[in-house]
Amino acid sequence: RDQSVHLQSRITYMRRPAHDTILVSEPEKSTTPSSDLVVRALRSMLGPNEMAVNIEQALPVSLATTQLQRLKPASGAGSSIVPADGGDEPEKLLLYTRVKANVRKTIPLVPSAGIRVDLYGKCGHTHGDLSPTEAYPVGGGLSVRGYDEGGVATARTFASGTAELSFPLLQSPGLEGVLFVDAGTDCGSSRLVPGTPGIVRGKPGHAMGKGVAARIDSPLGQVTWSLAWNDSGKTRSHLNVGHRF
């Protein structure tokens with residue numbers, strides 16, 4: 001039986017604007033403090049704090065190996081050689097390109113009080129052959145809270161975004177409170193996934209979630225517990241370890 005190996009290459013582009021350091025530095029002395037605040041606010045609004053683009057290329061390499069089996073005829077001398085696999089059809093090899101982008105933006109509202117707005121966005125697309133198991137799951141703790149993992153869509157193309165208002169609760173352990181709104185969509189691509197698993201399972205294809213969360217830094221990384229309400233009014237909690245970006 002034919003086997004295949006997928007060679008994958010990944011290119012990551014990261015961008016952190018130089019003026020990020022200005023947001024955490026001491027304000028420069030100015031004869032017009034109000035103008036300085038306006039300039040700092042505009043700088044904080046322009047450009048992402050962090051952006052990453054991943055490109056993944058799957059190249060199918062066929063390792064066509066035929067196992068041969070020697071058979072002895074019952075009639076006497078001589079032998080014949082036949083494929084041990086019975087001559088099955090070779091499996092289809094997948095060739096595809098996946099592109100995924102993530103962006104994060106932090107806007108300090110009251111820097112002295114630690115109140116800020118965090119904006120997250122991500123999107124992805126798969127061009128070429130696509131296995132249903134490799135489709136993008138939309139929904140869950142890292143995309144649209146209030147839904148199961150992949151509960152919104154199983155997509156070839158997707159986009160999702162999050163807006164969070166964060167404020168400190170306890171300074172000592174670094175505990176933060178968060179108000180958030182999530183949204184995600186399959187961009188109408190669920191029908192382009194072989195077998196249309198998202199449509200068969202009745203997934204909405206686009207949805208929003210909103211709720212409250214508590215976030216704390218730990219030796220294992222950032223831990224976030226979220227309580228979210230989805231479009232149907234159902235409540236679901238999520239526990240995530242690690243940064244959202």
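How much accessible surface does the protein have, and what share of that surface belongs to carbon and sulfur atoms? With the whole predicted model displayed as a surface, the accessible area comes to about 14,800 Å², and 60% of this belongs to carbon and sulfur atoms.

**The whole chain**

Switch to a cartoon view, in which three helices and 13 strands can be traced. Of the 245 residues in the protein, buried ones make up 31%. If contacts are restricted to residues at least 6 apart in sequence, 63% of them join residues at least 24 apart.

**Strands β5, β6 and β9**

Select residues 96-110, which form strand β5, together with residues 115-128, which form strand β6; the two run antiparallel and are joined by 14 bridges. At one point along this pairing, Y96 has G128 of β6 as its bridge partner. Moving to the turn of the hairpin, where four residues separate β5 from β6, one finds G114 with a positive phi of about 75°.

Keep β6 on display and add strand β9, residues 157-170. These two strands, β6 and β9, also pair in the antiparallel sense, over ten bridges, and G124 can be picked out with its bridge partner F158 in β9.

**S166 and its surroundings**

Within β9, centre the view on S166. Is this residue buried or exposed? S166 counts as buried because its relative accessibility is 0%, and buried means under 20%. Setting aside residues up to four places away in sequence, S166 touches G114, I115, R116, D118, E176, G177, V178 and R215; G114 is the residue already visited in the turn between β5 and β6. With the side chains shown, a polar contact of 3.4 Å can be drawn between those of S166 and R215.

**The salt-bridge network**

From R215, follow the charged side chains outward. The side chains of R215 and E164 meet in a salt bridge with an N to O distance of 2.7 Å, and this pair links distant parts of the chain, since R215 belongs to strand β11 and E164 to strand β9, 51 residues apart. Both partners are buried, R215 with a relative accessible area of 5% and E164 with one of 2%.

Next select R116 and D118, whose side chains meet in a salt bridge of 2.9 Å, N to O; here D118 is buried, its relative accessible area being 2%. Which residues should be selected to see the network as a whole? Salt bridges link R116, D118, R145, E164, E176, D182 and R215. Over the whole structure, a search finds eight salt bridges.

**A salt bridge between a loop and a strand**

Turn now to D148 and R236, whose side chains form a salt bridge at 2.7 Å, N to O. Because D148 lies in the loop between β7 (136-138) and β8 (153-155) while R236 is in strand β13, the pair ties together parts that are 88 residues apart in sequence. D148 counts as partly exposed at 43% relative accessibility, and R236 is likewise partly exposed, with a relative accessible area of 37%.

**The hairpin of β12 and β13**

With R236 still highlighted, extend the selection along strand β13, residues 235-241, and include strand β12, residues 221-230; the two pair in the antiparallel sense over seven bridges. Within this pairing, L227 stands opposite S237 in β13. Four residues lie between the strands of this hairpin, and among them G233 takes a positive phi near 85°.

**A nonpolar patch on the surface**

Return to the surface view and colour L179, V212 and W229, which make a nonpolar patch of about 230 Å². Of these, V212 has its place in strand β11, residues 206-218, and is partly exposed, with a relative accessible area of 35%.

**V193 in its loop**

For a last stop, select V193, in the loop between β10 (175-185) and α3 (197-200). V193 is buried, with a relative accessible area of 2%. Which residues are in contact with V193, once neighbours within four places in sequence are left aside? They are L130, P132, A135, T154, A155 and R156. A distance drawn between the C-alpha atoms of V193 and T133 reads 9.7 Å, although 60 residues separate the two along the chain.

Note on methods: Residues are numbered from 1 along each chain as its sequence is written. This is a predicted model: local features need pLDDT of at least 70, side-chain atom pairs count only at pLDDT 80 or more; totals for chains, interfaces and linings use all residues. Side-chain values use heavy atoms; hydrogens and water are left out. Two strands pair if DSSP finds at least two bridges between them. Patches are made of residues with over 30% relative accessible area and no salt bridge: like charges are joined within 9 Å, nonpolar side chains (Val, Leu, Ile, Met, Phe, Trp, Tyr) within 5 Å. Accessible areas come from the Shrake-Rupley method with a 1.4 Å probe; for residues, only the protein chains shown count as cover. A salt bridge is a side-chain nitrogen of Lys or Arg within 4 Å of a carboxyl oxygen of Asp or Glu. Buried means under 20% relative accessible area, exposed over 50%, partly exposed in between (1.4 Å probe, protein chains only). A polar contact is a pair of N or O atoms within 3.5 Å; within protein, one must be able to donate a hydrogen and the other to accept it, and residues adjacent in sequence count only if both atoms are side-chain atoms. Contact means heavy atoms within 4.5 Å.
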